[in-house]
Amino acid sequence: MASSADGVGSVALVAGEPSGDLLAGRLLSGLRRHLPHTRFHGIGGPQMMAQGFESHWPIETMTVRGLFEIIPRYRELKGIQGALRDRLIAERPAVFIGADYPGFNLGLEAQLKDAGIPTMHYIGPQIWAWRGGRIKKIVRSVSHMLVVFPFEQAIYEKAGVPVTYVGHPLAEVIPLSPDTAAARRALGLPEDANVVTLMPGSRMGELKYNTVAFVGALKLLLQRDRSLRFVAPMAGEKQKQYFLELVAQAGLQDVPVQLLDGQSHTAICAADAVLVASGTASLEVALFKKPMVIAYKMMRASWEIMRHMGYQPWIGMPNILARDFLVPELLQHHASAEALADAMWQQLTDVPHRLKLVQRFTDMHHSLLRNSAEESAAAVMKVIEANQKR
């Protein structure tokens, strides 16, 4: 491994999705203080590249969702994995860090670990929710696990995987007391408006299956309250155009939705309630202390397999952390426009429920709040230093 002025030539990372890019970007901001001269490279997105990261492939090439949806992309992704593996084994980085994206990263980590390169995985796969057998692969693949939820630490300790709880970066990014009025001003919305934020997903597959039911629900909500204002943050221009195409095909183009280029946090902060696809976005909504309905649809064949693989009754992260159905979850055929509209109406109008959610979500926020950039960076430095002493 080539040496830099700080003794570490390179550190390699892979993030395959925007949520992983956010995690790794925060980690890199902490690592830069320890390793100002080190080269950081691999696969990542804008948050990582803002920290001087060099991405060998665009992060967009990695995005795929579902068991069957991956089949057409399998050879391409396997080729990228093999090419990156060969590059890293030749270069010998001080450590490899996989930021989430376990289907790709755990396989790569196993090969790198076998080659004597220390491997870390940042944000544990949800083995406590489904696919618990994955812990065996983690034991083989990962030298040290970084986890973002307090209850995860004991799971990995029991399995014999070195682990550090570093808190969740979103708990630092999102303020404990969000300023809804300021967010509405930023979006050109009246401060006294009744605002619903729509988040059908950032992946094309999520948009494909969620958009029509989500926008259909908005149309039904308008029939109950004509004053409602709707905003929807879009992850990129490609997603925006696909969303518009799906809406037009369904004959829903008359539903007045204000589309935003990014600005997802501003859109959540401005909302009275959020209709959100299951995933990291639901945790963001909880940290903004907003009522929500969590929904999800996918290819039927994938659903038939995945619905039998869960270990607990919740899929939304706010409900999993609370171990309670704090907010509704509507999945697959249950996520009809009518059902989503009914559930959203309750979130908008049930004042005692809204006040209860603010308290529960505030407690949740405190439990996840750490200096994650510094704590994760310190854990990485310990792994690097231990390997250098060998």
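**Figure 1. The whole chain, seen through its contacts and overall dimensions.** Among contacts in the chain between residues at least 6 apart in sequence, 68% join residues at least 24 apart. Keep in mind that this is a predicted model. If you go hunting for secondary structure, you'll find 17 helices and 13 strands in the chain. Along its principal axes, the C-alpha trace spans about 65 × 40 × 40 Å. A compact globule of 390 residues would have a radius of gyration near 21 Å, and the chain has 21 Å, so the two agree. As for what's tucked away, 53% of the 390 residues count as buried.

**Figure 2. Helix α1 and its buried residues.** This view takes in residues 18-34, which make up helix α1. At 1.5 Å a residue, its 17 residues should span 24 Å, and the end C-alpha atoms are 25 Å apart, which agrees. Quite a list of α1 residues is buried: S19, G20, D21, L23, A24, G25, L27, L28, S29, G30 and L31.

**Figure 3. Helix α3 and what lies over its buried residues.** Here we look at helix α3, residues 74-91. The helix has 18 residues, which at 1.5 Å each should span 26 Å; the end C-alpha atoms are 26 Å apart, in agreement. Its buried residues are L77, I80, Q81, G82, L84 and L88. A handy thing to remember while looking along a helix is that an α-helix has 3.6 residues a turn, so residues three or four places apart point the same way. What covers the buried residues of α3? The cover includes the strands β1 (10-15), β2 (39-44), β3 (54-58) and β4 (96-99), along with helix α4 (102-114).

**Figure 4. R92, just past the end of α3.** Step off α3 and you meet R92, with a positive phi of about 60°. R92 has that positive value although it is not a glycine. You'll find R92 in the loop between α3 and β4. Is R92 buried, partly exposed or exposed? R92 has a relative accessible area of 29%, so it is partly exposed.

**Figure 5. R323, another residue with a positive phi.** Phi of R323 is near 55°, and R323 is a residue other than glycine. This arginine sits in the loop between α14 (317-322) and β13 (329-331). With a relative accessibility of 54%, R323 counts as exposed.

**Figure 6. Helices α4 and α5, packed at an angle.** Two packed helices are described by the angle between their axes and the distance between the axes. For α4 and helix α5 (residues 134-141), the angle is about 40° and the axes are 8 Å apart. That makes α4 and α5 oblique to each other. On the α4 side, P102, G103, L106, G107, E109, A110 and K113 take part, meeting R134, K137, I138, V139, R140 and S141 of α5. By class, the contact residues divide into 5 nonpolar, 3 polar and 5 charged.

**Figure 7. Helices α12 and α16, crossing.** Our last close-up shows helix α12 (residues 280-287) with helix α16 (residues 351-368). Their axes come within 8 Å and cross at roughly 110°, so α12 and α16 are roughly perpendicular to each other. Which residues of α12 and α16 meet? L283, A286 and L287 in α12 meet F361, M364, H365 and L368 in α16. This contact has 6 nonpolar residues, 1 polar residue and no charged ones.

Technical notes: Residues numbered from 1 in each chain as written. Predicted model: local features only at pLDDT ≥ 70, side-chain atom pairs only at ≥ 80, totals over all residues. Heavy atoms only, no water. Axes fitted to C-alpha atoms, helices over the stretch in contact; angles between N-to-C directions. Helix = DSSP H or I, 4+ residues; strand = E, 2+ residues; numbered from the N terminus. Parallel < 35°, antiparallel > 145°, perpendicular 65-115°, else oblique. Contact = heavy atoms within 4.5 Å. Nonpolar A, V, L, I, M, F, W, Y, C, P; charged D, E, K, R; others polar. Expected span 1.5 Å × (residues − 1). Buried < 20%, exposed > 50% of the residue type's maximum accessible area, 1.4 Å probe, protein only. Rg over C-alpha atoms; globule rule 2.2 N^0.38 Å.
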